Amino acid sequence: MARKLFTFALCLVSTILVAGRAGEPQRFLYAGVPGVGNATNHGGVGILVFDIDHGYRFAKRIPTWTSPEGRPAEGVRGIAANAATARLFVSTSRRLAAFDLTTDTVVWEQNYGGKCCDRIAISPDGRTLYAPAAGAPKWYVVNAADGALVTTIDKEGSPHNTIYSDDGAHAYLESQGRVPPFLTVTDAKTHTVVKQVGPFDDVVRPFTINGRQTLVYANVNNLLGFEVADLTTGKLLHRVAVEGLKTENSPVHGTPSHGIALTADEREIWVADNTNHFLHVFDATKMPPVQKTRVHLRDEPGWIAFSLDGRTAFASTGDMIDVRTKRIVATLQDEHGVGVESEKVVEIDFENGRPVRASDQFGKGSVR
């Protein structure tokens, strides 16, 4: 009985926190779980919401999908949000769904013939989704209002990561298993391929771009570090390795570095070290970037994103890191005190109960 009363009280407090006071802006971190593969031991199943302004305190759990007995949980493969349309989008290997951010209810679900969906991206106007197919060499171009399929874009390999440029002009598509390994650039108005960037030295994994869309920084297989390519010429420029540490392929991601992000001011590149459980920080004002410091994490990192104000790095380990001091300022825990880990997180800010700003799951530069 006492546990039930405690849970009820926690839910009541969480509801009050999310509702907020009239006219008072509030910032929340939304994390899809399972957010590292299908493992449910780091937060269970659902969309977990954390109150950024109160030490990343757990605020609420939005239910998603339960799996039949004996079947693995649906790991969240991608997350995106748009404040103007008040929509949160979540992809798994079985479906793509839209949630209403004001009611936390599902607006629509699609599975596109059962081949769905990896790390999605939303256009800046909130109208179009790019969704990599699961088990098919193509991307779905989707009407974000209802999930209807607009067209498809063929791309050799296993579709994986997707970035939409902040000006809405281009989308960047990364496939695994393609040899030679290229990054594909599309015209996001016509949904046609306009450029191939590379080849890179190995299969491209997580990547990010600068605000002017002239440079791409990419993790590649078998490298503790990253490569840099010119988006204008399509040519590979630099290979940058983390120095002085052992290198082994991660049992989770199969590569030493899975996770890379560019600070909004484009002064630093943050790179995941899956072997040694670090985030390495490079000086991006120099070319090639130069290693400057590192942050030790509680577990193996697999993703990095940043808060809307640029002051905090969100590590997939649940460690929240002050960008200036490089110190961990909070660690995510669910309503049961269990440490939460997720590679699929976005910040959403609210005023008067309505979303007003949303971040990107990728740490992209914004200098133009």
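## A tour by hairpins, loops and turns

Start by selecting G310: this glycine takes a positive phi near 75° in the hairpin of strand 24 and strand 25, with five residues between the two strands. Strands here are DSSP runs of E with at least two residues, helices are runs of H or I with at least four residues, and both are numbered from the N terminus. Two strands pair if DSSP finds at least two bridges between them.

Before moving on, a note on what you have open. This is a predicted model, in which local features need pLDDT of at least 70 and side-chain atom pairs count only at pLDDT 80 or more, while totals for chains, interfaces and linings use all residues. Residues are numbered from 1 along each chain as its sequence is written, and side-chain values use heavy atoms, with hydrogens and water left out.

**Stop 1: strands 24, 25 and 26**

Stay with the hairpin and show strand 24 (304-306) together with strand 25 (residues 312-315). Three bridges pair strand 24 with strand 25 in the antiparallel sense. Select F306, and you will find A313 in strand 25 as its bridge partner.

Now add strand 26 (residues 319-322), which runs antiparallel to strand 25 and is joined to it by three bridges. A313 has a bridge partner in strand 26 as well, namely I321. Strands 25 and 26 also form a hairpin, with three residues between them, and G318 in its turn has a positive phi of about 90°.

Which residues of strand 25 point which way? T312 and F314 go to one side, A313 and A315 to the other, and all are buried. Buried means a relative accessible area under 20%, exposed means over 50%, and partly exposed lies in between (1.4 Å probe, protein chains only).

**Stop 2: P301**

Next, select P301, in the loop between strand 23 (290-296) and strand 24. Is P301 buried or exposed? Its relative accessible area is 0%, so P301 counts as buried.

Show what surrounds this proline. Leaving aside neighbours within four places in sequence, P301 is in contact (heavy atoms within 4.5 Å) with H258, A272, D273, N274, H277, F278, L279, S316 and T317. Try a distance label to F278: the two residues are 23 apart along the chain, and their C-alpha atoms are separated by 7.3 Å.

**Stop 3: two cis peptide bonds**

Select M287 and P288, whose peptide bond is cis, with omega near 0°. P288 sits in the loop between strand 22 (278-283) and strand 23.

Then jump to V33 and P34, also joined by a cis peptide bond, with omega about -5°. The loop that holds P34 runs between strand 1 (26-33) and strand 2 (46-51).

**Stop 4: positive phi without glycine**

Select D104, in the loop between strand 6 (96-100) and strand 7 (106-110). D104 is not a glycine, yet its phi is positive, at about 65°. With a relative accessible area of 22%, D104 is partly exposed.

Now select N222, in the loop between strand 17 (215-220) and strand 18 (225-230). N222 is not a glycine either, and its phi is positive at about 65°. At 45% relative accessibility, N222 counts as partly exposed.

**Stop 5: an open sheet**

Colour strands 8, 9, 10 and 11: these four form an open sheet in the order 8-9-10-11, with antiparallel pairing. Strand 8 (121-122) and strand 11 (149-154) stand at the edges with a single partner strand each, so one side of each has no neighbour in the sheet. Zoom in on strand 10 (residues 138-143), which is joined to strand 11 by five bridges. W139 there stands opposite I153 in strand 11.

**Last stop: the whole chain**

Zoom out and show everything. The chain has one helix and 29 strands. Its radius of gyration, taken over C-alpha atoms, is 19 Å, close to the 21 Å from the globule rule for 368 residues, so the chain is as compact as a globular protein of that length. That rule is 2.2 Å times the number of residues to the power 0.38. Along its principal axes the C-alpha trace spans about 60 × 45 × 45 Å.

Buried residues make up 55% of the 368 residues. Of the contacts with a separation of 6 or more, 48% are between residues 24 or more positions apart.
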